[in-house]
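Reader: I have a structure to study, and I want to know how its labels are earned. Can you take me through the reasoning, term by term?

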Amino acid sequence: MRTLLVTGPGGSGRTTVASATALRAARDGLRAHLITGDAVGAEDDLPGVTVTRLTPADDFRADLLALQERAGSGLDLLGASRLDGDELTALPGAEELALLRALRDTADGPYDLVVVDLPAAPRAVALLALPEQLRRYLRRLLPAERQAARALRPVLGRLAGVPMPAEWLYEAAARWDGELAAAQAVIDSDDTCVRLVAEPTEAAAEILRTTVAGLALHGLRLDAVLANRLLPDGSTDPWLADAAARQRKVIAEWEHETYAIAHLGRDPRPADLDVPPPPAESVPAVTWPVEDRLADDGVLVWRIPLPGAVREELSLIRRGDELVIGAGPFRRIVPLPSAPRRCTVAGAGLVDGELCVRFAPDPDLWPQAR
């Protein structure tokens with residue numbers, strides 16, 4: 001099964017393109033599944049496509065009621081008043097969690113292609129990074145190794161004078177981690193890639209650049225960039241000719257090969273669009289190699305591809321055995337490879353879309369450097 005994640009700047013027509021991509025796959029004989037919060041038209045417009053429409057409000061209500069039930073004894077001790085289902089409304093983030101759950105549930109589905117209509121970029125990048133981030137928070141706040149001391153928690157609580165986490169909290173954390181890990185496995189799979197849709201305007205070009213950098217920072221594979229609503233060349237109307245020329249100038253500055261989708265002069269239906277087929281093969285993973293320059297320059301160089309990044313928007317912080325990398329609005333904490341852990345950061349630079357972080361051996365941890 002392949003998974004194609006579709007996003008782009010707001011107003012780019014990404015939902016219609018996502019629907020058209022699933023329809024194209026179905027017409028090519030693939031078992032296609034579309035996940036969306038707002039699919040264009042009805043299922044009748046997408047013959048042969050299984051459509052899952054997200055219901056974040058219903059999912060949020062069910063999750064909160066289930067959590068309230070599991071924590072019932074603790075709530076009763078506090079004298080809390082239970083919430084009824086009909087008074088619950090979805091909070092911010094419910095849509096993202098519903099989409100991650102839908103991604104998790106596709107892992108064992110009977111489909112050849114799953115097309116996911118993501119929110120607008122760059123919000124979509126933050127959504128795809130969420131499982132990794134939340135799992136890190138869980139590991140820090142409720143380390144799994146502490147569960148080994150569950151039999152000692154009552155004693156520890158009396159000694160410390162503070163209540164210890166209840167059993168249900170560790171069980172809930174383990175369940176959340178498992179669900180997040182399943183969603184992350186789909187996102188990180190070799191058979192998952194991202195398709196970007198953008199209308200060729202200067203404003204969209206800047207969002208596209210930032211989004212490409214964010215995808216690269218989180219190790220997400222880029223399938224293609226689709227220029228939507230492209231005006232035809234050769235118009236005798238001066239305004240249309242000028243607008244078409246501006247569009248092509250913007251596309252010429254994009255750093256990625258672009259597939260053009262013509263402007264139809266009206267709001268299109270999925271069947272009206274000529275979209276490229278999904279990738280026939282897995283998109284190769286982007287590697288972050290460590291280059292050994294000890295013999296020549298006395299350093300190791302960690303090469304991190306960040307196409308679309310600009311020097312002024314980059315930030316780096318060393319935290320023990322981790323590196324905090326910032327690229328525009330995006331931020332990721334990554335573990336250092338084994339060799340650079342025994343080094344100090346000697347500098348960094350951005351060259352041709354690649355962040356090169358230099359590490360000098362620490363004499364206290366690297367005996368050969370003495």
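Reader: Which side chain of opposite charge is nearest to Asp362, and how far away is it?

Author: This is a predicted model, so keep that in mind throughout. The nearest side chain of opposite charge is that of Arg318, 7.2 Å away. A salt bridge needs a nitrogen and an oxygen within 4 Å. Asp362 therefore has no salt bridge, although it is buried.

Reader: Where does Asp362 lie?

Author: Asp362 lies in the segment after β14, which spans 354–361.

Reader: What lies 3.0 Å from a polar atom of the Asp362 side chain?

Author: The backbone nitrogen of Asp364 does. The cut-off for a polar contact is 3.5 Å. The 3.0 Å between these two atoms is within that limit.

Reader: What makes Glu179 and Arg104 a salt bridge?

Author: Their side chains meet at 3.5 Å, N to O. The limit is 4 Å, so the pair qualifies. Glu179 lies in helix α7 (residues 167–188) and Arg104 in helix α4 (residues 94–105), so the pair ties together parts 75 residues apart in sequence.

Reader: Are Glu179 and Arg104 buried or exposed?

Author: Each falls in the class between those words. Buried means under 20% relative accessible area, and exposed means over 50%. Glu179 has 31%, so it counts as partly exposed. Arg104 has 21%, and is partly exposed as well.

Reader: How do you know that Arg136 and Glu322 form a salt bridge?

Author: Their closest N and O atoms are 2.9 Å apart. That is within 4 Å, so the rule is met. Arg136 sits in helix α5 (residues 123–141), and Glu322 in strand β11 (residues 322–327). The pair therefore ties together parts that are 186 residues apart in sequence.

Reader: Why is Arg136 called buried?

Author: Arg136 has 16% relative accessibility. The cut-off is 20%, so Arg136 counts as buried. Its partner Glu322 has 22%, and so is partly exposed.

Reader: What about Asp272 and Arg266?

Author: Their side chains also meet in a salt bridge, at 3.0 Å, N to O. Asp272 is partly exposed, with a relative accessible area of 33%. Arg266 is partly exposed too, at 47%. The bar for exposed is over 50%, so Arg266 does not reach it.

Reader: How many salt bridges does the rule give?

Author: The count comes to 23 salt bridges. Some are joined up: Glu291, Arg293, Arg303 and Glu354 are linked in a network.

Reader: What makes Glu257 exposed?

Author: Its relative accessible area is 76%. Exposed means over 50%, so the label fits. Glu257 is found in the loop between α9 (238–253) and β7 (258–262). Its C-alpha atom is separated by 8.8 Å from that of Leu226, 31 residues apart along the chain.

Reader: Why are β8 and β13 said to stand at the edges of their sheet?

Author: Start with the order. The open sheet has four strands, β8-β9-β14-β13, with antiparallel pairing. β8 (290–293) and β13 (343–351) each have a single partner strand, so one side of each is left without a neighbour in the sheet. The twist averages 25 degrees from one strand to the next.

Reader: How do you know that β8 and β9 pair?

Author: Two strands pair if there are at least two bridges between them. β8 and β9 (residues 299–305) have four bridges, in the antiparallel sense, so they pair. Asp292 stands opposite Leu300 in β9.

Reader: How does the reach of helix α8 compare with the expected value?

Author: α8 (residues 202–217) has 16 residues. From first C-alpha to last, α8 reaches 23 Å, close to the 22 Å expected.

Reader: Why is α8 called mostly covered?

Author: Twelve of its 16 residues are buried. Among them are Ala204, Leu208, Arg209 and Leu217. After α8 comes Gly219, whose phi is positive, near 70 degrees.

Reader: What makes α1 largely enclosed?

Author: Twelve of the 14 residues of α1 are buried, so the rest of the structure largely encloses this helix. The buried residues include Arg14, Val17 and Leu23. α1 (residues 14–27) reaches 20 Å, close to the 20 Å expected. Gly29 follows α1, with a positive phi near 95 degrees.

Note on methods. Residues numbered from 1 in each chain as written. Predicted model: local features only at pLDDT ≥ 70, side-chain atom pairs only at ≥ 80, totals over all residues. Heavy atoms only, no water. Helix = DSSP H or I, 4+ residues; strand = E, 2+ residues; numbered from the N terminus. Axes fitted to C-alpha atoms, helices over the stretch in contact; angles between N-to-C directions. Expected span 1.5 Å × (residues − 1). Buried < 20%, exposed > 50% of the residue type's maximum accessible area, 1.4 Å probe, protein only. Lys, Arg positive; Asp, Glu negative; His and termini not counted. Polar contact = N/O pair within 3.5 Å; in protein donor to acceptor, adjacent residues only side chain to side chain.
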